[in-house]
Amino acid sequence: MNSFFDERVPSVPCPLPNLVLMLLRLLLLICAPLCESTELFLIVSPSRPIEGNTMTLTCKTRPPPQTLDAKLQFLFYKDGRVLGLARDSLPEFRIPAVRKEDSGSYWCQAKITSIKVKFSHRVQIEVHRVPVGNVSLEIQPPGGHLTEGEKLVLVCLVTGGTGDIIFFWFRGARGLSLKTKTQHSLMATFEIPAVRESDSDQYYCAADNGYGPSLSELVSITVRIPVSHPVLTLRAPEAQLVVGYTVELHCEAKRGSPPILYQFYHEDVALGNSSAPFGGGVSFNLSLTAEDSGNYYCEANNGQVAQRSEVVPLNITVPMEDRNEVLTSGLIELLLGILAPTTLALLFCCWLKRKIGRRTAKDVVRSIPSPVPQESTYFNSQAPEQPHLDYENVNIVSGDEVYSLVYCVQQEQPSAAEEPLGTHPGDKDSSAIYSRLKKADLTDTDYDDVM
């Protein structure tokens with residue numbers, strides 16, 4: 001014991017003060033870590049956190065612990081509520097995606113020993129949001145033109161904005177509220193399962209994430225009703241339709257969005273069309289003739305699907321005098337159609353036969369000695385018996401004159417011995433009768449040749 005003090009404490013005249021000094025040094029060595037002044041600081045990164053991003057809390061000591069054996073344990077608090085222990089006793093706590101609701105008062109705690117605990121100062125953290133922007137409304141199906149009964153989908157979109165976003169849908173310029181949804185998304189939809197004609201209007205949407213609503217542009221929706229099957233009605237002054245009367249054809253579709261185009265038909269032949277700009281029906285006036293009997297129908301179309309009415313027959317009464325005229329004209333047409341080719345064929349045959357006969361007779365007549373008598377001359381036979389007459393109309397044309405020649409031939413012919421030589425058989429045995437119709441020229445021309 002004395003050697004220990006001799007080596008470490010200088011020799012002094014009084015050994016008691018040296019012992020006290022040694023005890024003080026030992027006590028100081030043991031109590032140094034406990035008596036050391038340590039401060040904690042909470043550091044937030046980033047200093048201005050944005051909603052949706054990562055936020056890190058770091059607890060630092062100043063100065064750092066002097067002993068290597070000291071292992072500190074850290075706790076983090078928000079508004080008096082423990083957030084949890086740091087992993088592996090590291091002085092950090094990380095929030096992967098901070099939200100607006102994470103705003104509040106934060107601090108940290110360091111446990112140095114079992115009996116010594118340090119707290120940092122409180123830090124007020126405000127999580128900032130990105131305001132929504134570029135709000136737009138899209139419709140499905142695109143175009144804005146729907147048929148009654150179709151499904152309409154209104155899609156509200158934003159290109160920017162963080163956190164939970166409240167979506168609103170409105171109808172009309174006055175902003176009739178249709179639906180409200182809150183979603184942690186940049187898109188939300190609103191559906192109308194089966195649209196009606198009354199749903200035709202302007203629509204828009206809005207989005208808000210805490211900085212006030214941002215509105216989209218107006219989008220027009222048009223809902224059209226296809227036309228129903230039209231009904232064709234015949235309106236006449238009397239029950240019996242007579243030629244000359246005027247009948248009104250009225251076509252009307254009970255349902256269908258205007259404008260509606262109506263077309264009238266008679267036996268699949270278009271008669272005319274008319275448009276109804278504000279719906280309802282249209283009429284077509286028809287002045288009746290005998291040919292207007294038959295089947296009638298109409299067609300309605302408003303750009304969706306064309307619809308056709310039922311067929312309506314129209315029977316027209318023809319008066320007796322008109323009927324006779326119709327029958328007469330029909331009979332004449334029938335006779336002309338049947339007899340015209342036959343008549344032409346017969347006329348051609350007669351013309352050909354007469355032409356051949358006239359050419360033969362022309363040769364005989366031209367053998368008669370000239371001059372031709374200037375007046376009508378008749379030669380009669382003196383034989384007691386009545387001669388047998390053969391007549392032939394030759395129709396000889398000489399210049400501007402036309403002659404008719406008639407031969408008279410007796411039944412009994414004189415013998416060849418009694419006939420004087422050089423006499424023409426026609427001089428005694430037959431008589432030729434000429435009838436001059438016009439003044440004759442010396443030059444004969446065949447009438448048929450002129451024709």
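**Exercise 1. A salt bridge between loops**

Is glutamate 126 buried, partly exposed or exposed? Work that out, then describe its charged partner.

*Solution.* Keep in mind that this is a predicted model. Start with accessibility: glutamate 126 has 41% relative accessibility. Buried would need under 20%, and exposed would need over 50%, so glutamate 126 counts as partly exposed.

Next, look for the partner. Glutamate 126 makes a salt bridge with lysine 100, and their closest N and O atoms are 2.9 Å apart. The pair links distant parts of the chain, with the two positions 26 residues apart in sequence terms: glutamate 126 is in the loop between strand S8 (123-125) and strand S9 (136-140), while lysine 100 is in the loop between strand S5 (92-95) and S6. Lysine 100 is partly exposed too, with a relative accessible area of 28%.

**Exercise 2. Two more salt bridges**

Take arginine 255 and aspartate 79 in turn, and find the salt-bridge partner of each.

*Solution.* Begin with arginine 255. Its side chain meets that of glutamate 148 in a salt bridge, at 3.0 Å from N to O. Here the two residues are 107 apart in sequence: arginine 255 belongs to the loop between S19 and strand S20 (260-266), and glutamate 148 to the loop between strand S10 (145-147) and strand S11 (152-157). Arginine 255 has a relative accessible area of 42%, so it is partly exposed; glutamate 148, with 30%, is partly exposed as well.

Some bridges share partners, and in this way Glu51, Glu101 and Arg129 are joined into one network.

Now aspartate 79. Its partner is lysine 78, with the closest N and O atoms 3.1 Å apart. Check the burial of each: aspartate 79 is partly exposed, with a relative accessible area of 49%, whereas lysine 78 counts as buried at 10%. To finish, the search of the whole structure finds 8 salt bridges.

**Exercise 3. Rings, and a charge over one of them**

How are the rings of tyrosine 77 and tryptophan 107 arranged, and why does the pair get that label?

*Solution.* The rule for ring pairs gives a count of 8 aromatic pairs. In this one, the ring centres are 5.4 Å apart and the planes meet at 10 degrees, so the pair is stacked. The pair links distant parts of the chain: tyrosine 77 is in strand S3 (residues 73-78) and tryptophan 107 is in strand S6 (residues 104-111), 30 residues apart.

Then check how covered they are. Tyrosine 77 is buried, with a relative accessible area of 13%, and tryptophan 107 counts as buried at 10%.

One more neighbor to spot: the charged end of arginine 122 sits over the ring of tryptophan 107, 3.7 Å from its centre. Elsewhere, Phe167, Trp169 and Phe190 form one aromatic cluster.

**Exercise 4. Two buried residues and what they touch**

Locate valine 247 and serine 309, then list what each one touches.

*Solution.* Valine 247 is in strand S19 (residues 246-252). With a relative accessible area of 1%, it is buried. Leaving out residues up to four places away in sequence, valine 247 touches Leu234, Arg235, Ala236, Phe284, Asn285, Leu286 and Leu288. Pick out leucine 286: it is 39 residues from valine 247 in sequence, yet the C-alpha to C-alpha distance is 5.3 Å.

Serine 309 is in a loop, between strand S24 (307-308) and strand S25 (312-314). At 7% relative accessibility, serine 309 still counts as buried. With the same sequence neighbors left out, serine 309 touches Pro230, Val231, Leu232, Tyr297 and Cys298.

**Exercise 5. A surface patch and the whole chain**

Which residues make the nonpolar surface patch of about 430 Å²? Follow one of them, then zoom out.

*Solution.* The patch is made by Phe348, Trp351, Leu352 and Ile356. Follow leucine 352: it lies in helix H3 (residues 320-365), and it is partly exposed, with a relative accessible area of 38%.

Zooming out, the chain has 5 helices and 30 strands. Of its 451 residues, 30% are buried. The chain exposes about 29,200 Å², and carbon and sulfur atoms supply 57% of that area. Lastly, take the contacts between residues at least 6 apart in sequence: 60% of them join residues at least 24 apart.

Conventions:
Residues numbered from 1 in each chain as written. Predicted model: local features only at pLDDT ≥ 70, side-chain atom pairs only at ≥ 80, totals over all residues. Heavy atoms only, no water. Patch = residues over 30% accessible without salt bridge, like charges linked within 9 Å, V, L, I, M, F, W, Y side chains within 5 Å. Areas by Shrake-Rupley, 256 points an atom, 1.4 Å probe, with all protein chains shown as cover. Salt bridge = Lys/Arg side-chain N within 4 Å of Asp/Glu carboxyl O. Helix = DSSP H or I, 4+ residues; strand = E, 2+ residues; numbered from the N terminus. Buried < 20%, exposed > 50% of the residue type's maximum accessible area, 1.4 Å probe, protein only. Contact = heavy atoms within 4.5 Å. Phe/Tyr/Trp six-rings, centres within 6.5 Å; stacked < 30°, edge-to-face > 60°. Lys NZ or Arg CZ within 6 Å of the ring centre and 35° of its normal.
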